[in-house]
Amino acid sequence: MENEKKIESYVVVHNIAKRHNVGTLARSATAFGVSEMILVGRRDFNAFGSHGSTSHVRFRHFHSLTDAKTFLKERDCDICGVEITENAVAVNEHPFKRSTAFLLGNEGTGLSAKECEICDFFVYIPQYGCGTASLNVTVAASIVLHQFGVWAGFSERTREGNKFIVAERPSKQAKKNYCMETSESIAEERRLKRESNGFFEDTGKEESPSNLLDTLFDN
């Protein structure tokens, strides 16, 4: 690759059913050098499973997949769907060309038709055992992000003892990294919350979610 610094990876979070999976995704994202997590739709999620890693990854929010796609294309970024489709390529074959955003499907139903429409190509994870039809979304993300890091030549993190060294907690992020709270964006978010096709499915049990895009680094 001509310039390693230009190669970046992103994770697009949309229609994930289990809220705690987003926190675990953030942990994998920081481990494998993801530049940003792109949240589409609702902005609230549970940080359970992140083990503090949400302090080390940047979050960006969009109200629609179209807006997210526009942002990524402006950065010359391919969008890769992680799904077993007819034309999907095994991820260990490294079919990557440039910076890539990975879009993972819903835990139960996979990628929707609308999600597939914004993807430039698809990868799948080969399985060698016969006991399960698919992997948990966070496990799949970890495998795919690791394979991309190998292809991109990301530098391995320094180890100390039997663990990798964790960077110091970064200083407060600037508000420009977040969705601006205009009256239009607030109205749009309220509309999305009233609809049943937000990026999380309702579980029937009311929770008090952590709106990390409002509270990260505000301590």
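These legends go with a set of close-up views of one predicted model.

**View 1. The whole chain, before zooming in.**
To get your bearings, the protein chain has six helices and nine strands. Of its 219 residues, 45% are buried. Take the contacts with a separation of 6 or more: 74% of them are between residues 24 or more positions apart. The accessible surface adds up to about 12500 Å², and carbon and sulfur atoms own 48% of that.

**View 2. Ser9 and its surroundings in strand β1.**
Ser9 sits in strand β1, which covers residues 9–13. Is Ser9 buried or exposed? Its relative accessible area is just 1%, so Ser9 is buried, given that the cut-off for buried is under 20%. Leaving aside residues up to four places away in sequence, Ser9 touches a run of neighbours made up of Phe32, Gly33, Val34, Ser35 and Glu36, among others. Also on the contact list of Ser9 are Thr100 and Phe102, plus Phe148 and Phe154.

**View 3. Asp120 and Lys73, a salt bridge across the sequence.**
Side chains of opposite charge can pair when their charged atoms come close. Here Asp120 and Lys73 form a salt bridge, with the closest N and O atoms 2.5 Å apart. The two partners are 47 residues apart, so to speak from distant parts of the chain: Asp120 is in the loop between α3 (113–117) and β7 (121–124), while Lys73 belongs to helix α2 (residues 65–74). How accessible is each end? Asp120 has 41% relative accessibility and counts as partly exposed. Lys73 lands in that class too, as partly exposed at 33%.

**View 4. Arg75 with Glu74, and the network around Arg98.**
Next up is a salt bridge between Arg75 and Glu74, where the closest N and O atoms are 3.8 Å apart. Arg75 is partly exposed at 39% relative accessibility, whereas Glu74 reaches 61% and counts as exposed. Pan over to Asp76, Asp78 and Arg98, and you find these three linked in a network of salt bridges. For the overall tally, a search of the whole structure turns up six salt bridges.

**View 5. Arg159 and Glu156, a salt bridge with exposed partners.**
The side chains of Arg159 and Glu156 meet in a salt bridge at 3.4 Å, N to O. Arg159 counts as exposed, with 58% relative accessibility. Glu156 is exposed as well, with a relative accessible area of 59%. Both values make the class because the cut-off for exposed is over 50%.

**View 6. A nonpolar surface patch with Leu135.**
Which residues make the nonpolar surface patch of about 200 Å²? They are Leu135, Val139 and Ile143. Leu135 lies in the loop between β7 and α4 (137–152), and at 33% relative accessibility Leu135 counts as partly exposed.

**View 7. The second largest pocket.**
Leu135 shows up again here, this time in a pocket lining. The second largest pocket holds about 420 Å³ of space. It is lined by 21 residues, and the closest to its centre are Val82, Glu83, Ser134, Leu135 and Ala140. Which elements give two or more residues to the lining of this pocket? The answer is β7 and α4.

Definitions and conventions
Residues numbered from 1 in each chain as written. Predicted model: local features only at pLDDT ≥ 70, side-chain atom pairs only at ≥ 80, totals over all residues. Heavy atoms only, no water. Helix = DSSP H or I, 4+ residues; strand = E, 2+ residues; numbered from the N terminus. Buried < 20%, exposed > 50% of the residue type's maximum accessible area, 1.4 Å probe, protein only. Contact = heavy atoms within 4.5 Å. Salt bridge = Lys/Arg side-chain N within 4 Å of Asp/Glu carboxyl O. Patch = residues over 30% accessible without salt bridge, like charges linked within 9 Å, V, L, I, M, F, W, Y side chains within 5 Å. Areas by Shrake-Rupley, 256 points an atom, 1.4 Å probe, with all protein chains shown as cover. 1 Å grid on protein atoms, 1.4 Å probe; cavity = no way out; pocket = protein on both sides within 12 Å on 5 of 7 lines; lining within 4 Å. Points joined across faces, edges and corners; volume = space filled by probe spheres on them.
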